[in-house]
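Please walk through the structure shown here, with attention to its aromatic rings and to the way its helices pack.

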Amino acid sequence: MFGRLAESNAMAQIMYGLALRHGWGIPSDPPLAITYLSRAASNSAAVESAALSSGMKRGGAAKGELVLAIYELANSFRHGWGVDKDPVAARSYYETAANLGDTDAMNEVARCYEEGFGGKKDRDLEGQI
């Protein structure tokens, strides 16, 4: 079902990407999952950009989808799901999602700073997140 809806709906793109990544009810295809998660982030960012351009101060309805897509891309880079493991990219995506208000991403960013994952350890910054 999500596969049919994923042509035009960001949340369906995220859900289909996750199903592809983990093989939930369909054959697992992690590289294709990255395509759908990236498409969801791009489509959501376009909607948010249009909302901000029209004068909305906090963005529009697609912010949740944007943040979730970015967070799931971070997880993919962290674990090497569909892409090569890339700690620097994972940390960058987590930081972006955290800056957009995602609390799960905030926890992951703190863990990255605590462990030195994707960059140097910074216990002072870790405590500020």
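In this predicted model, Tyr16 has a relative accessible area of 18% and is therefore buried, since the cut-off for that word is under 20%. Tyr36 has a relative accessible area of 10%, so Tyr36 counts as buried too.

Aromatic pairs are counted here when ring centres lie within 6.5 Å, and by this rule the count comes to three. One of them joins the two tyrosines just named: the ring centres of Tyr16 and Tyr36 are 4.8 Å apart and their planes stand at 85 degrees, which makes the pair edge-to-face, because planes over 60 degrees apart are given that name. This pair links distant parts of the chain, for Tyr16 belongs to helix H2 (residues 10-22) and Tyr36 to helix H3 (residues 30-53), and the two residues are 20 residues apart. Tyr36 has a further partner, as Arg39 lies over the face of its ring at 4.8 Å from the ring centre.

From helix H3 the reader can move on to helix H4, since the two pack with their axes 8 Å apart and at an angle of about 150 degrees. The helices H3 and H4 are therefore roughly antiparallel, the cut-off for that description being over 145 degrees, and H3 passes H4 in a left-handed crossing. On the H3 side the residues that meet H4 include Ile34, Leu37, Ala41 and Glu48, while those they meet in H4 include Lys63, Leu66, Ala69 and Leu73.

Helix H4 also takes part in an aromatic pair, in which Tyr71 and Tyr94 are tilted, with 5.8 Å from centre to centre and 55 degrees between the planes. Because Tyr71 lies in H4 (residues 63-79) and Tyr94 in H5 (residues 87-99), the pair ties together parts that are 23 residues apart in sequence. Both Tyr71 and Tyr94 are buried.

Tyr94 leads in turn to the packing of H5 against helix H6 (residues 103-115), where the angle is about 140 degrees and the axes are 8 Å apart. That angle makes H5 oblique to H6, and H5 passes H6 in a left-handed crossing. The contact is made by Tyr94 together with Arg91, Glu95, Ala97 and Ala98 of H5, and on the side of H6 by residues among them Ala105, Met106, Val109 and Tyr113.

A last feature concerns another arginine and another ring: Arg78 lies over the face of Phe117, at 4.3 Å from the ring centre.

Technical notes:
Residues are numbered from 1 along each chain as its sequence is written. This is a predicted model: local features need pLDDT of at least 70, side-chain atom pairs count only at pLDDT 80 or more; totals for chains, interfaces and linings use all residues. Side-chain values use heavy atoms; hydrogens and water are left out. Rings of Phe, Tyr and Trp (its six-membered ring) pair if their centres lie within 6.5 Å; planes under 30 degrees apart count as stacked, over 60 as edge-to-face and the rest as tilted. Helices (H or I, at least four residues) and strands (E, at least two) are DSSP runs, numbered from the N terminus. Buried means under 20% relative accessible area, exposed over 50%, partly exposed in between (1.4 Å probe, protein chains only). A charge sits over a ring if NZ of Lys or CZ of Arg is within 6 Å of the ring centre and within 35 degrees of the ring normal. Axes are lines fitted to C-alpha atoms, for helices over the stretch in contact, and angles run from 0 to 180 degrees between N-to-C directions. Angles under 35 degrees count as roughly parallel, over 145 as roughly antiparallel, 65 to 115 as roughly perpendicular and the rest as oblique. A crossing is left-handed if the near helix is turned anticlockwise from the far one by less than a right angle, and right-handed if clockwise. Contact means heavy atoms within 4.5 Å.
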